[in-house]
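Colleague: Please take me closely through one part of this model, beginning with the paired charged side chains and then moving on to what is bound. I would like one connected account rather than a list.

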Amino acid sequence: MHPVIAIRNLSKVYEGGFQALNNIHLEIQRGEIFALLGPNGAGKTTLISIICGIVNPSSGEVLAAGHDVVREFRAARSIIGLVPQELSTDAFESVWNTVAFSRGLFGKPRNDAHIEKVLRDLSLWDKRNQRIMELSGGMKRRVLIAKALAHEPDILFLDEPTAGVDVELRRDMWNMVRELRSRGVTIILTTHYIEEAEEMADRIGVINKGEIVVVEEKKALMQTLGKKRLTLYLQNPLESIPEALTGYPLELSDGGDTLTFTFDASRGRTGIGELLRKLNQQGIDFSDLHSRESSLEEIFVNLVHETDNRAR
Amino acid sequence: MNIYAIRAIYKFEMARTWRTLLQSIGSPVLSTSLYFIVFGSAIGSRMVAINGIDYGAFIIPGLVMFTLLTQSISNASFGIYFPRFSGTIYEVLSAPVSFVEIVLGYVGAAATKSLIVGVLILITARWFVDYHILHPVWMLGFLALTSVTFSLFGFIIGIWADSFEKLQLIPLMVVTPLAFLGGSFYSIDMLPPFWQTVTLFNPVVYLISGFRWSFYGVADVNVAVSLGMTLLFLVLCLGTVWWIFKTGYRMKS
Ligand SMILES: Nc1ncnc2c1ncn2[C@@H]1O[C@H](COP(=O)(O)OP(=O)(O)O)[C@@H](O)[C@H]1O
Ligand SMILES: [Mg+2]
């Protein structure tokens, strides 16, 4: 199957010489929820903006459903909806009018039934005749989502959709995303919240400093890159890690009360037995222990650290 | 052609006009009427006729043009500057619309508004001053051409400006003086020869002269030249707008 979005050799150098994207290759499959995960300033918004036609690429190409987003912008853009990161809304227009405007702008004939459905789904129906400036921030975010859905896009971009959003809207939004996906809409969201990617995405792409660091199925990402951590709660605090144990990936914390051992769970020999024997030999007793998989957060931090070190 | 988009932008912009009716249409009509009262009825009755036209009637085409210019520029420049300022321009940039459609929507609405103002002023003027229109079709033609051309010019200013200050700068510092010195209140052959020549570099002279011809059949410069100069300015504006969209100047990074 052809990817619904294909990004090849894409680079962006802003005026003034800042390289925001560096040779990006990325394919997004039809119907998936893809999370673009990266710290602030990684280039997420820049990447989305190029796909949507708001920023000019410096080199490379992007195809949306096979249409070049620059040369065949009409075909490409008419199937894309964008919910921007910033809360940029009109002020004096009514909710209904601004959403109807979006539909027309994207070349679709008037369809009041569809707009009604979108507004109802987003709990905006009661507010349809209010001026946007009278709405709260969360409601404005809903209006932006409604505008993006007004023309029934096949591909929806959500740029940091839950930044500064209350729990209720977050829940509504995820319900909406799942429903859209069940109708075959491809969803690409950016976030710097790991839980968000972990909760929602089918696949995750990690971006840092304008480069895609890794793209993986969420489960696979957590499995292959996932390390396990064994935490030992010591009976007597240690001042430092004993010399006999220096070869092990150990970390002392809580003022010497806990010792954490990181190991690769996918390998047969984890080294736990050996470690415990050595601790015994050193006379280090512990009162409790537990082990767990590292979270996506830790994976992410490690990945970003790795690329930062490589860059140096 | 994305007709729905043109219509959406046009409707959206016109809705802004109706929402602010008093300010967008009422105020220019009122302030121009003040000129008619002062210069037309009051002072005009003491002035000698110019080229056989009563002074009160003589200044009408110039005043209408003057208002048309300033209104077209401010409508169109604000119409595109505001979404850039508020950030809502992202939606237009990400929509399947070409620059022709964007311009038709924004400039079309701004020009429509100017036309409405122009016609209303002409109707209002009737209460204060007795005037006639010799070539009504040409008159409407000049009215429409000027509205479109200067709305385009305003559109360019709205894209160039990166602050509200700059948005006001050109209309205030350039257009208003040119319009005042463009022969609204006098015929240019009343000027000394040197200033007559200088005046010919003022594009507004051609607009007003041509427009006045459509009323009274007399003109400072040949009507064909007037028309040609206006069209030339239109083409210059079109070219600039085309370049803006081709390069993404001030619209896309
Ligand atoms: N218009 C611009 N001109 C210059 N630099 C920019 C511009 N927009 C973004 N940047 C820079 O590009 C980098 C990536 O920004 P962005 O794509 O917004 O990151 P993210 O969305 O991942 O937080 C940042 O360092 C930002 O400062
Ligand atoms: Mg961003």
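Modeller: In this predicted model, Arg181(A) counts as partly exposed, with a relative accessibility of 31%, and Asp202(A) falls in the same class, partly exposed, at 24%. The two residues form a salt bridge in which the closest N and O atoms are 2.6 Å apart. This pair links distant parts of the chain, since Arg181(A) belongs to helix H6 (residues 167-182) of chain A, while Asp202(A) sits in the loop between helix H7 (194-200) and strand S9 (203-208) of chain A, 21 residues apart. Elsewhere, salt bridges with shared partners join Arg142(A), Arg171(A) and Asp172(A) into one network.

Within that network, the side chains of Arg171(A) and Asp172(A) meet in a salt bridge with an N to O distance of 3.8 Å. The two partners are not equally accessible: Arg171(A) is partly exposed, at 47% relative accessibility, whereas Asp172(A), at 19%, counts as buried, because the buried class takes in values under 20%. A further salt bridge brings together the side chains of Arg110(A) and Asp112(A), 3.1 Å from N to O. Here Arg110(A) is exposed, with a relative accessible area of 69%, and Asp112(A) is partly exposed, with 32%. Over all chains, the count of salt bridges comes to 21.

Turning to what is bound, the magnesium ion, which is ligand 2, is coordinated by OG1 of Thr45(A) and OE1 of Gln85(A), at 1.9 to 2.2 Å. Thr45(A) lies in helix H1 of chain A and Gln85(A) in the loop between strand S6 (80-83) and helix H3 (95-105) of chain A, so the pair ties together parts that are 40 residues apart in sequence. Both donor residues are partly exposed, Thr45(A) with a relative accessible area of 31% and Gln85(A) with 29%. Since water is not among the atoms, a metal site of this kind may look incomplete, and I would read the list of donors with that in mind.

Thr45(A) also leads to ligand 1, for an N or O atom in the side chain of Thr45(A) is 2.7 Å from an oxygen atom of that ligand. Backbone atoms take part as well: a backbone N or O atom of Gly43(A) lies 2.9 Å from an oxygen atom of ligand 1, and a polar backbone atom of Ala42(A) is 3.1 Å from an oxygen atom of ligand 1. On its own, ligand 1 has 560 Å² of accessible area, of which the protein covers 64%.

The residues around ligand 1 include Tyr14(A), Phe18(A) and Ala20(A), the run from Pro39(A) through Asn40(A), Gly41(A), Ala42(A), Gly43(A), Lys44(A) and Thr45(A) to Thr46(A), and also Ser253(B). Residues from chains A and B thus surround ligand 1, so the site is shared between chains. Helix H1 (residues 44-52) of chain A gives the largest share of this shell, 3 residues. Sorted by class, the shell holds 5 nonpolar, 6 polar and 1 charged residues. Thr45(A) is therefore the residue to look at when moving between the two ligands, as Thr45(A) is one of the residues around ligand 1 and also coordinates the magnesium ion through OG1.

Methods: Residues are numbered from 1 along each chain as its sequence is written. Chains are lettered from A and ligands numbered from 1 in the order in which they are written. This is a predicted model: local features need pLDDT of at least 70, side-chain atom pairs count only at pLDDT 80 or more; totals for chains, interfaces and linings use all residues. Side-chain values use heavy atoms; hydrogens and water are left out. A residue is near a molecule or strand if one of its heavy atoms lies within 4 Å of it. A polar contact is a pair of N or O atoms within 3.5 Å; within protein, one must be able to donate a hydrogen and the other to accept it, and residues adjacent in sequence count only if both atoms are side-chain atoms. Accessible areas come from the Shrake-Rupley method with a 1.4 Å probe; for residues, only the protein chains shown count as cover. Helices (H or I, at least four residues) and strands (E, at least two) are DSSP runs, numbered from the N terminus. Ala, Val, Leu, Ile, Met, Phe, Trp, Tyr, Cys and Pro count as nonpolar, Asp, Glu, Lys and Arg as charged, and the others, Gly among them, as polar. A salt bridge is a side-chain nitrogen of Lys or Arg within 4 Å of a carboxyl oxygen of Asp or Glu. Buried means under 20% relative accessible area, exposed over 50%, partly exposed in between (1.4 Å probe, protein chains only). Donors are N, O and S atoms within 2.8 Å of the metal (3.2 Å for Na, K and Ca); water is not among the atoms, so sites may look incomplete.
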